[in-house]
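Please open the structure in your viewer and keep the sequence panel at hand. The tour proceeds by selections, each followed by a description of what is found there.

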Amino acid sequence: MRPAANEKPEKPLVHVVDDDASMRDALAGLFDSVGLQSQTYATAEDFLSAKLSDRPGCIVLDVRLPDMNGLEFQGRLVQNGVGIPVVMMTGFGDIPMSVHAMKHGAVDFLPKPFRDQDMLDAVMAAIERDRQRRTVENDASQLRQRFETLSPREQEVMLHVTAGKMNKQVAGDLGISEITVKIHRGAAMHKMGARTYAELVRMADALKPDRSKPGR
């Protein structure tokens, strides 16, 4: 969702996770030089135990840390429900691990030593990916909220009609009149903000993880 005209866009935050204090300081200075805010962590656990602000950003991660490697870190992010994109920093011997990490969702990996511009390019790409992720998640959340405003019967009718059934078939399945189906279908479209049947179908498809639970 775009900010209102009188609101400033959320400023992104770059999380730097590296046990080398000089590297943390250098990266913080680099990001500051282009107007990016950063927060640094000496270990993976420091990051995983921190309270994260609700804003776009990315994680710049040394693939080898004292407490866990990059792949273990990615696993913990998934386990904790953290979807922030990751940029890996790696030594030459860690490149196979980094390639594996990219296959599991890392945005990029940069062999050390890397050029400042390469790091900035990777971070900006990761931040843009995170903005897109947040937009998709926000849209999905709004759809779920609208769906929850439907009555249990409206939810049932919506899920049946968007599965391609005719009003008459839905009426027979639910044991109600065809007129009642039309009324509930119209109410569902209004509450969901769907202007057309095709739009209602797309909304129902986006809600698929919840579709087996009408009337919760």
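Begin by selecting helix α6, residues 152–161, together with helix α7, residues 167–174, in this predicted model. The axes of the two helices come within 10 Å and cross at roughly 130°. An angle over 145° would count as roughly antiparallel and one of 65 to 115° as roughly perpendicular; α6 and α7 are therefore oblique to each other. Their crossing is right-handed.

Next, display the side chains where these helices touch. On α6, select R153, E156, V157, H160 and V161; on α7, select N167, V170, D173 and L174. Colouring this contact by residue class gives 4 nonpolar, 2 polar and 3 charged residues.

Keep α6 in view and add helix α8, residues 178–192. How do the axes of α6 and α8 cross? They come within 9 Å, at an angle of roughly 95°. Because angles of 65 to 115° count as roughly perpendicular, α6 is described as roughly perpendicular to α8.

For the residues of this second contact, select R153, E154, V157, M158 and V161 in α6. Their partners in α8 are V181, H184, R185, A187, A188, K191 and M192. By class, the contact of α6 with α8 comprises 7 nonpolar, 1 polar and 4 charged residues. R153, V157 and V161 of α6 deserve a second look: they take part in the contact with α7 and also in the contact with α8.

Now leave the helices and move to strand β3, residues 57–62, where D62 is found. Is D62 buried or exposed? Its relative accessible area is 8%, and since buried means under 20%, D62 counts as buried. To see what surrounds D62, select V17, D18, D19, M89 and K112. D62 is in contact with these residues, its neighbours within four places in sequence being left aside.

Finally, select the whole chain and colour it by secondary structure. There are 9 helices and 5 strands. Followed from the N terminus, the elements run β-α-β-α-β-α-β-α-β-α-α-α-α-α. Of the 216 residues in the chain, 38% are buried. With the surface switched on, the accessible area comes to about 12,000 Å², and carbon and sulfur atoms hold 53% of that area. As for contacts with a separation of 6 or more, 64% are between residues 24 or more positions apart.

Terms used
Residues numbered from 1 in each chain as written. Predicted model: local features only at pLDDT ≥ 70, side-chain atom pairs only at ≥ 80, totals over all residues. Heavy atoms only, no water. Helix = DSSP H or I, 4+ residues; strand = E, 2+ residues; numbered from the N terminus. Buried < 20%, exposed > 50% of the residue type's maximum accessible area, 1.4 Å probe, protein only. Contact = heavy atoms within 4.5 Å. Areas by Shrake-Rupley, 256 points an atom, 1.4 Å probe, with all protein chains shown as cover. Axes fitted to C-alpha atoms, helices over the stretch in contact; angles between N-to-C directions. Parallel < 35°, antiparallel > 145°, perpendicular 65-115°, else oblique. Left-handed = near helix turned anticlockwise from the far one by under 90°. Nonpolar A, V, L, I, M, F, W, Y, C, P; charged D, E, K, R; others polar.
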